[in-house]
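The following exercises concern a predicted model. Please work through each task before reading its solution.

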Amino acid sequence: MPRFAYVNGRYVAHREGRVHIEDRGYQFADGVYEVVPVFDGKLVDEEPHLDRLDYSLGELKIAQPCARPALRFICRELVRRNCLRRGILYMQVTRGVASRDHKFPATVKSALVVTTKNYGGPTPRMIEEGARVITIPDIRWARCDIKSISLLPNVLGKQQAVERGAFEAWLIDRNGNVTEGTSTNAWIVTSDKRVITRQLGNAILAGVTRASLRKLMADDGYKLEERPFTLAEAKSAAEAFLTSSTSLVLPITQIDDDRIGGGKPGPMTRKLREAMLAYVAK
Ligand SMILES: Cc1ncc(COP(=O)(O)O)c(C=O)c1O
């Protein structure tokens, strides 16, 4: 259990952190969040995460809880106070506290909560053997580009995955295309070494890991195609993997009952994971 949390202006003992019963996050899921990975005590890709937070807040017309330098300070200070070396920092901003009414309150102050968690990433066994994903219909709303705290379809999807012995659920849209995972972006590699992931838009979250990997790939001359891909294409791919701040690049060796790449993590995925590990260690 971490020692401290940041709650609306104060660093408090984690176990004593409290928010108001009329916080609109609690009542309407009227808020957004970010998860920033921490490696060696440092926040990785801090600015892109804060940029995405601003984007989500802007799309929902939620006021920024404080100026960016103050937010940066709070995040770093919490990592320091919790002596966090490897893990994640979670920040959540809601529209604030007001008497329950759907429309935006006339005057309200955004609420900010920041916590940290020790987390070492996927197990060595999962990295070595690859993860299994199941597939389920994508029943989320039409603005998955906003990192909203309204995560029920994601929660239900992840639970289904776990109950079926898988690590993640890939979400399939009405056209039979893979959008993304419940908390990860989805990628495949073709037999002629083209890497494919869905293009940005309202159907997926613009993953920060996705963006960093994209840059690493461009530097190394990989061929990337950003477009929808079908479940059938994924199942016949040479390799598959997922990306997220918590998993970085994680090989996928089974989709539903179909093995990918002979059931072993592929060479491109391994290289991309190595490149990502070097990037976060910088
Ligand atoms: C739905 C969804 N897609 C993709 C991602 C990966 O994003 P990132 O790489 O910024 O962690 C997440 C992360 O939480 C997510 O919730």
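**Exercise 1.** Determine how many residues line the largest pocket, and which of them lie nearest its centre.

*Solution.* The lining of the largest pocket consists of 44 residues. Nearest the centre lie Tyr 33, Lys 147, Leu 151, Thr 182 and Ser 183. Several elements give two or more residues to this lining, among them β3 (31–39), α2 (46–59), α5 (152–163) and α6. Of these, α5 gives the most, with 4 residues. Sorted by class, the lining holds 18 nonpolar, 18 polar and 8 charged residues. The volume of the largest pocket is about 1100 Å³.

**Exercise 2.** Identify the elements that give two or more residues to the lining of the second largest pocket.

*Solution.* The second largest pocket contains about 240 Å³ of space. It is lined by 17 residues, and Arg 52, Leu 200, Ala 206, Gly 207 and Val 208 are the closest to its centre. The elements sought are α2 and α6. The largest share, 4 residues, comes from α6. By class, the lining divides into 9 nonpolar, 4 polar and 4 charged residues.

**Exercise 3.** Describe how strands β11 and β12 are paired, and state the handedness of the unit they make with helix α6.

*Solution.* Strand β11 covers residues 194–197 and strand β12 covers residues 223–226. The two pair in the parallel sense, over 4 bridges. Within this pairing, Ile 196 has Glu 225 of β12 as its bridge partner. Helix α6, residues 208–219, joins β11 and β12 in a β-α-β unit that is right-handed.

**Exercise 4.** Establish whether the residues of the salt bridges Arg 198–Asp 173 and Arg 227–Glu 225 are buried or partly exposed.

*Solution.* In the first pair, the closest N and O atoms of Arg 198 and Asp 173 are 3.0 Å apart. Arg 198 lies in the loop between β11 and α6, and Asp 173 in the loop between β8 (168–172) and β9, 25 residues apart. Both Arg 198 and Asp 173 are buried.

In the second pair, the closest N and O atoms of Arg 227 and Glu 225 are 2.8 Å apart. Buried means under 20% relative accessible area. Arg 227 has a value of 24%, so this residue is partly exposed. Glu 225, at 22%, is partly exposed as well.

**Exercise 5.** Name the residues that are linked in a network of salt bridges.

*Solution.* The whole structure has 28 salt bridges. The network links Glu 47, Asp 51, Asp 54, Arg 68 and Arg 72.

Notes
Residues are numbered from 1 along each chain as its sequence is written. This is a predicted model: local features need pLDDT of at least 70, side-chain atom pairs count only at pLDDT 80 or more; totals for chains, interfaces and linings use all residues. Side-chain values use heavy atoms; hydrogens and water are left out. Two strands pair if DSSP finds at least two bridges between them. A crossover is right-handed if, with the strands pointing away from the viewer, the path from the first strand over the helix to the second runs clockwise. On a 1 Å grid over the protein atoms alone, a cavity is a set of points where a 1.4 Å probe fits but cannot get out, and a pocket is an open set with protein on both sides within 12 Å along at least five of seven lines; lining residues have an atom within 4 Å of a point. Grid points are joined across faces, edges and corners, and a volume is the space filled by probe spheres set on the points. Ala, Val, Leu, Ile, Met, Phe, Trp, Tyr, Cys and Pro count as nonpolar, Asp, Glu, Lys and Arg as charged, and the others, Gly among them, as polar. A salt bridge is a side-chain nitrogen of Lys or Arg within 4 Å of a carboxyl oxygen of Asp or Glu. Buried means under 20% relative accessible area, exposed over 50%, partly exposed in between (1.4 Å probe, protein chains only).
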